[in-house]
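Okay, thanks for coming, everyone. Have the structure up on your screens and follow along with me.

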Amino acid sequence: MKIVFFGTPQFAVPTLSKLLNHSEFEVLAVVTQPDKRRERGNKLTPTPVKAIATAHNLPVWQPERVKKDTETLTQLKQLGADVFVVVAYGQILSSKILNMPKLACINVHGSILPKYRGAAPIQWCLYNGETETGITTMLMDVGMDTGAMLQIATTPIGLLDSAQDLADRLAVIGGDLLVETLLKLERQEIQPIPQDNLAATYAPLIQKQDYGLDWSKTAIQLHNQIRGFYPNCTATFRDNLLKITASAPLGSVGDRNLPPELLHKLPDLSNLSDRPGVVVSITKGIGAIVQTGEGLLLLREVQLAGKRPQSGWDFVNGTRLTVGEVFGAGS
């Protein structure tokens, strides 16, 4: 089966690697986003997908707007591919492109469709407190993740899973599911299932205002925001912006699912109470516990401006944090 692969971030790499290492598939070329300049040295950095493609001596095309790039469109047409595979490419494909492959244009999407259509399904499913998610392979159409579903694989979500943890796991699942999907599609063993549009939910691009933490929210809401929008959620501490990159909700139903080794170190929480944002306890070896609108939040990892992420306990020691200090809202 001759394939053209469209993808950009690390999330797409396991799927491309699976295709490259499978005897039934031949990857003809890769389409990825243009290289971007990174902060350090302002050097152009290839996308993760481009790095893999280059290592395998594959043709790589990086149009600014693929559906309007006549040279790329001509090259795609001339390849005569059986299938286009799309994994987190980052651009919308036109109907002209979708109709080019002989068999199908297939997308590997990071949710159980029709829930969480859109650009950030992993992040929003965590933000909303889902306990299960998965990968859906689907036939692409001109809509936003609206095509008929081919196969679904699911995975449970742990209470301490971050968006990065979940993305890493789903990326591997996606690679395996795509291989299975392609083989079954070639043997005509799959019956596409239309999506129920009435059950659809959406996962839009994350905006800067989504990162700010409001301590009047519940502990579980704050925790889901922190892990869903990892590693960018912010609070203020001593008039400076502080990123909170890992947490744990306490004093709620959620803490029953915490690892035993963490639960055993926690103090008696029954008499701890103050206004939202106030440090009500400091647990040796772990970090600060902060009052929220409902329940308590343990700060497991934070990042001061211009510094590397550090454990909650290192943060306590480094700043000489004391009970009674106040964290402000982020922005």
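So, strand β1, residues 2-7, and strand β6, residues 83-87, pair in the parallel sense, with five bridges between them. If you want one pair to click on, take Gly7, whose bridge partner in β6 is Val87. And keep in mind throughout that this is a predicted model.

Now zoom out a bit. Those strands belong to an open sheet of seven strands, and the order goes β5-β2-β1-β6-β7-β8-β9, with mixed pairing. Which strands stand at the edges? They're β5, residues 60-61, and β9, residues 149-156; each has a single partner strand, so one side of each is left without a neighbour in the sheet. As a quick reminder for anyone rusty, strands in a sheet pair through backbone hydrogen bonds, and that can be parallel or antiparallel.

What lies across this sheet? Look for helix α6, residues 163-186. α6 lies across β1, β6, β7, β8 and β9, and relative to β9 the helix runs at about 150°.

Okay, on to a pair of helices. α1 covers residues 13-20, α2 covers residues 48-55, and they pack with their axes 9 Å apart at an angle of about 20°. The cut-off for calling two helices roughly parallel is under 35 degrees, and α1 and α2 are therefore roughly parallel to each other. Their crossing is right-handed. Who makes the contact? On the α1 side you've got Val13, Leu16, Ser17 and Leu20, and on the α2 side Pro48, Val49, Ile52 and Ala53. Sort that contact by residue type and you get seven nonpolar, one polar and no charged.

Let's move along the chain to a hairpin. Strand β10, residues 234-237, pairs with strand β11, residues 240-250, in the antiparallel sense, over four bridges. Ala235 is a handy place to look, since you'll find Leu242 of β11 standing opposite. There are two residues between the strands of this hairpin, and Arg238 in the turn has a positive phi of about 50°. Asp239 also lies in the loop between β10 and β11, and phi there is near 70°, again positive in a residue other than glycine. Is Asp239 buried or exposed? Its relative accessibility is 79%, so Asp239 counts as exposed.

β10 has another partner, too: two bridges join β10 to strand β16, residues 327-328, and that pair runs antiparallel. Here, Thr236 stands opposite Gly328 in β16.

Just a few backbone oddities left. Which peptide bond is cis, with omega near 10°? That's the one from Leu113 to Pro114, and Pro114 sits in the loop between β7, residues 104-109, and α5, residues 121-127. Then there's the bond from Tyr230 to Pro231, which is cis with omega near 0°. You'll find Pro231 in the loop between α7, residues 219-228, and β10.

Last one, Gln188. Phi is near 60° for Gln188, a positive value in a residue other than glycine. Gln188 lies in the loop between α6 and α7, and with 73% relative accessibility Gln188 counts as exposed.

That's my tour, so let's open it up for discussion.

Methods. Residues numbered from 1 in each chain as written. Predicted model: local features only at pLDDT ≥ 70, side-chain atom pairs only at ≥ 80, totals over all residues. Heavy atoms only, no water. Axes fitted to C-alpha atoms, helices over the stretch in contact; angles between N-to-C directions. Parallel < 35°, antiparallel > 145°, perpendicular 65-115°, else oblique. Left-handed = near helix turned anticlockwise from the far one by under 90°. Contact = heavy atoms within 4.5 Å. Nonpolar A, V, L, I, M, F, W, Y, C, P; charged D, E, K, R; others polar. Pairing = 2+ DSSP bridges. Buried < 20%, exposed > 50% of the residue type's maximum accessible area, 1.4 Å probe, protein only.
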